[in-house]
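Reader: Please take one helix of this model and go through it closely. I would like to know how it is packed and what it belongs to.

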Amino acid sequence: MSILSYLQRIGRALMVPVATLPAAAILVGVGYWIDPTGWGADNALAAFLITSGNAILENMGMLFAVGIAYGMSKDKDGAAALAGLIGFIVVVKLCSPAAVSMIKGIPLAEVPVAFSKINNQFVGILVGVFSAELYNRYSSVELPQALSFFSGRRLVPILNSFLMIIVSFILMFIWPVVYGWLVAFGESIMGLGSTGAGIYAFFNRLLIPVGLHHALNSVFWFDVAGINDIPNFLGGQKSIEAGTAIVGITGRYQAGFFPIMMFGLPGAALAIYHCARPENRAKVAGIMMAGAVAAFFTGVTEPLEFSFMFVAPVLYVLHAILTGISVYIAAAMHWIAGFGFSAGLVDMVLSSRNPLAVHWYMLIPQGLVFFCLYYVVFRFTIKKFNLMTPGRELSATDETDGYNINIAKKEGNSANTIQEEALHYIAAIGGSDNLTGIDSCITRLRLSVKDSSLVNDRLTKSLGASGTIRLNKQSVQIIVGTRAELIASAMKAVLAKGPVAAATDTQSPESDLSVKEEGQQEGQPILTLIAPVTGELIKLEDVPDEAFSSKLVGDGVAIKPTSDTVFAPVAGTVVKVFDTNHAVCIEAHNGVEVIIHIGIDTVSLNGRGFERLVEEGMKVDAGTPILKLDLDYLNAHAKSMISPVIISNIDDYAGITMLAKEKVVAGKTDLFQVLK
């Protein structure tokens with residue numbers, strides 16, 4: 001698995017704990033607005049709200065440890081979450097200043113300040129990942145009879161406790177060194193003026209994923225190196241009279257964050273929402289809107305930042321760069337505002353009466369510019385590089401279903417029928433002995449097995465599955481339709497009752513996906529297809545979609561089009577034009593079923609870029625125009641414009657023989673022949 005794929009797994013697992021943060025941010029923000037000076041000391045309601053919100057915000061590390069351990073576990077079991085919680089508690093306790101003082105035998109006052117910051121997101125993420133991997137590896141271990149009570153899932157939290165002792169020991173030596181380096185770095189750039197402010201802001205954002213931004217903050221915001229920007233700003237006239245604050249200078253390490261937190265990140269949220277798949281936009285809107293409101297009013301940005309920092313790291317780097325630019329501009333122009341809590345609307349309004357606030361209102365038009373800038377940059381980057389931001393991915397392996405086949409079958413099955421169906425699926429997979437993990441996406445069973453070659457495709461198809469995809473020796477996906485989650489739950493319930501034997505059918509499981517080489521084709525050609533579009537010929541195996549490249553949908557070839565008109569490759573009847581106009585099915589006069597699918601995942605474009613020229617039931621000749629394409633729009637917005645042309649009922653025939661090579665011309669080049 002690539003590093004990016006692994007980071008995306010972490011990002012998806014973080015979505016559950018991140019979803020709790022906007023509520024906490026709003027609670028704290030409202031409380032701070034009610035009592036801006038006492039933070040609850042002067043108002044009971046403010047104290048109630050601030051304390052409630054901080055109960056979550058101050059324990060983000062713990063939330064991340066639990067959420068990642070649970071979300072990355074193979075079967076989403078509570079034991080994994082418990083392991084994450086225990087692991088985090090062990091690390092935070094062992095690396096606390098008091099524990100370090102005892103373990104190292106040094107006075108508490110001499111314990112490095114870094115250990116007072118050990119309860120952070122970095123430790124939470126680290127513990128969560130370790131806990132999930134430990135659970136996935138050892139949750140099925142069976143101990144000797146005398147220790148059998150501690151077998152399986154019960155073993156994982158115990159093992160994690162010991163593992164975290166080792167992790168804590170390593171952190172005792174590494175953590176203060178890294179923290180110290182960052183403080184030294186901050187001190188080295190403090191004399192660079194506005195440029196230093198921009199550099200600081202860039203690293204401030206860049207270090208948030210690992211929780212080390214506190215080290216830099218201590219240099220620029222507080223009194224580690226004599227800057228003390230926040231306390232001096234909040235002192236207002238007293239700081240000016242005392243000579244600790246300079247009008248137009250004090251606050252420059254804070255001001256440029258307002259345009260980012262109030263405007264820039266909400267712009268990013270809007271871009272992420274617009275780039276989500278149409279079917280996912282409703283749920284994406286919820287978390288994006290909540291995060292945007294929290295960022296605008298309170299300046300708490302973690303709900304938005306953690307929603308994309310792992311699934312699309314390039315966006316987070318761009319975010320850090322834009323933050324640095326914003327802080328530099330505000331500092332250079334002497335547009336100054338400060339905050340006591342964070343750079344949200346509440347703090348902007350409260351700081352506006354501070355004598356150290358200079359041209360603070362200019363941060364608003366600067367923010368509007370950054371709103372547009374974030375929106376354009378994020379939307380372009382997401383589309384250009386097909387980044388899997390929230391709502392764009394269906395699962396960890398891009399679980400689209402080929403060309404949007406109607407695979408929702410037997411929706412009305414009763415609970416008893418589903419239990420029986422689940423039992424048969426387990427048997428077809430090779431029985432409970434071969435099955436090590438069960439998960440599901442919208443339309444696929446995602447199964448972990450000991451040996452994928454034991455999965456019997458013929459039996460799974462007889463149960464109603466559209467096909468099987470073997471990702472590797474231990475990972476199998478079975479396309480079952482929208483009942484996937486229901487079947488997966490039923491399979492878990494069946495396994496809980498006892499072992500299931502493997503099916504006795506001995507047909508080779510690879511038969512459905514066998515590939516016939518050109519020299520092995522048998523029979524006579526019964527149909528010749530012409531190229532439906534002009535373009536470059538692509539092997540079906542190279543199509544960036546597993547359902548096509550594995551020939552699960554059928555056999556054929558693909559073309560990357562350069563012409564804007566799609567022609568019928570055969571004479572026959574148009575039996576299906578998809579509502580989004582991205583694919584057409586034609587049944588030839590001799591029964592061969594041809595699918596022309598323009599692009600990959602183009603169903604998500606909702607018909608934009610396509611114009612249908614035929615309707616279902618129409619008779620067409622080879623060369624009849626069937627679709628019109630807006631190639632400029634499609635090339636800019638489609639995941640890929642590689643377009644498969646396939647025979648969906650290829651199992652009824654001997655195979656195909658390729659005729660074309662490299663380049664094809666629409667309506668003229670013979671593409672391939674179907675053999676009887």
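Author: The helix chosen here is α16, and its surroundings follow from there.

The model is predicted. Helix α16 covers residues 313–333. Its length is consistent with its residue count: at 1.5 Å a residue, the 21 residues of α16 should span 30 Å, and the C-alpha atoms at its ends are indeed 30 Å apart. Just after the helix, His334 takes a positive phi of about 60°.

The buried residues of α16 are Leu315, Tyr316, His319, Ala320, Leu322, Thr323, Gly324, Ser326, Val327, Ala330 and Ala331. An α-helix has 3.6 residues a turn, so residues three or four places apart point the same way. The cover over the buried residues of α16 includes α9, α13, α15 (302–308) and α18.

One residue of α9 shows this packing in detail. Ser194 sits in α9, which runs over residues 193–206. Beyond its sequence neighbours up to four places away, Ser194 touches Arg252, Tyr328, Ala331 and Ala332. Of these, Ala331 is also one of the buried residues of α16. Ser194 has a relative accessibility of 19% and therefore counts as buried, the cut-off being under 20%.

Helix α16 also takes part in something wider. The largest nonpolar core of the model has 53 residues, and those with the most contacts inside it are Val91, Tyr200, Phe220, Trp221, Phe257, Phe258 and Leu363. At least two residues of this core come from each of several helices, among them α16, α9 and α13, as well as α5 (78–94) and α8 (155–189). The most is given by α8, with nine residues. Domain 1 (1–174) and domain 2 (228–392) both give residues to the core, so it lies between them.

Val91 gives a view of this core away from α16. Leaving aside neighbours within four places in sequence, Val91 is in contact with Val123, Val127, Met164, Val167, Ser168 and Leu171. Apart from this core lies another, of 41 residues, including Leu527, Ala568, Leu605 and Tyr633.

A last point concerns α18, one of the helices covering α16. Asn386 is found in the loop between α18 (363–385) and α19 (415–428). Asn386 is not a glycine, yet has a positive phi of about 50°. With a relative accessible area of 23%, Asn386 is partly exposed.

Terms used. Residues are numbered from 1 along each chain as its sequence is written. This is a predicted model: local features need pLDDT of at least 70, side-chain atom pairs count only at pLDDT 80 or more; totals for chains, interfaces and linings use all residues. Side-chain values use heavy atoms; hydrogens and water are left out. Helices (H or I, at least four residues) and strands (E, at least two) are DSSP runs, numbered from the N terminus. Buried means under 20% relative accessible area, exposed over 50%, partly exposed in between (1.4 Å probe, protein chains only). Contact means heavy atoms within 4.5 Å. A nonpolar core is a set of buried Ala, Val, Leu, Ile, Met, Phe, Trp, Tyr and Cys residues joined through side-chain atoms within 4.5 Å. Domain bounds come from an automatic or database domain assignment. The expected span of a helix is 1.5 Å times one less than its number of residues.
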